[in-house]
Amino acid sequence: MKSYVLRRLEPCEPPYRVAGRPDGLVHRAAAPDNQLVLDLPLFGEAIVEEPQPGPDTPDRRQVGRLLTTILEACDGRRPAVQVRPILDPALHSALLDSGRRRPAGGYRPKSVHLGHPADGVVEACATVEQNGRCLALAARFERTPSGWVCTRFHLLKPPRRVSALAA
């Protein structure tokens, strides 16, 4: 019967010091061409952690419902008064000022992705389907004393095609 022994490998790409840096920080060597590099902390480097969502932060399903509610108000299927509590006052007045007309089929969010850039902030991007066309949606929600409020909302539509035959 054979016995196996595990031995620790020596690091193959040691850190180096950049000349002329007063703080003497340790930096990695430049990545070789056509090779993936893992961004792992070197010994003694401070690890910067991504902000984690708080316990009362809405998840992807809840943000998707909020976006659906706002989209329904944008295309006229829902009265704008119903979305006042979840919209920033400037966004709500812009919604009231815009001429809302109902597109055929309405807007339906398909996929929602969340980011947490800071505590009390959720940024969402989504793809929205409207009559077989895919549109992009970007939104930002911030925690206020009254709850989560949408402070930015952009539905990005592609430009209308201009016929090359029209002179």
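The following legends describe close-up views of a predicted model.

**View 1. Overall fold of the protein.** The protein contains 2 helices and 6 strands (DSSP runs, H or I of at least four residues for helices and E of at least two for strands, numbered from the N terminus). Along the sequence these elements follow the order β-β-α-α-β-β-β-β. Of the 167 residues, 24% are buried (under 20% relative accessible area, 1.4 Å probe, protein chains only). The exposed surface amounts to about 13,200 Å² (Shrake-Rupley method, 1.4 Å probe), of which carbon and sulfur atoms supply 55%.

**View 2. The largest nonpolar core.** This core (buried Ala, Val, Leu, Ile, Met, Phe, Trp, Tyr and Cys residues joined through side-chain atoms within 4.5 Å) has 24 residues. Those with the most contacts inside it are V63, L67, I70, L87, F141, C150 and F153. At least two core residues come from each of α1 (60-74), α2 (89-97), β4 (121-130), β5 (133-144) and β6 (147-156). Helix α1 gives the most, with 5 residues.

**View 3. Surroundings of L87.** Apart from neighbours within four places in sequence, L87 is in contact (heavy atoms within 4.5 Å) with I70, H92, L95, V149 and C150.

**View 4. E72 in helix α1.** E72 lies in helix α1. E72 counts as buried because its relative accessibility is 18%. Beyond neighbours within four places in sequence, E72 is in contact with R77 and R78.

**Notes to all views.** Residues are numbered from 1 along each chain as its sequence is written, and side-chain values use heavy atoms, with hydrogens and water left out. In this predicted model, local features need pLDDT of at least 70 and side-chain atom pairs count only at pLDDT 80 or more, whereas totals for chains, interfaces and linings use all residues.

Definitions and conventions
Buried means under 20% relative accessible area, exposed over 50%, partly exposed in between (1.4 Å probe, protein chains only).
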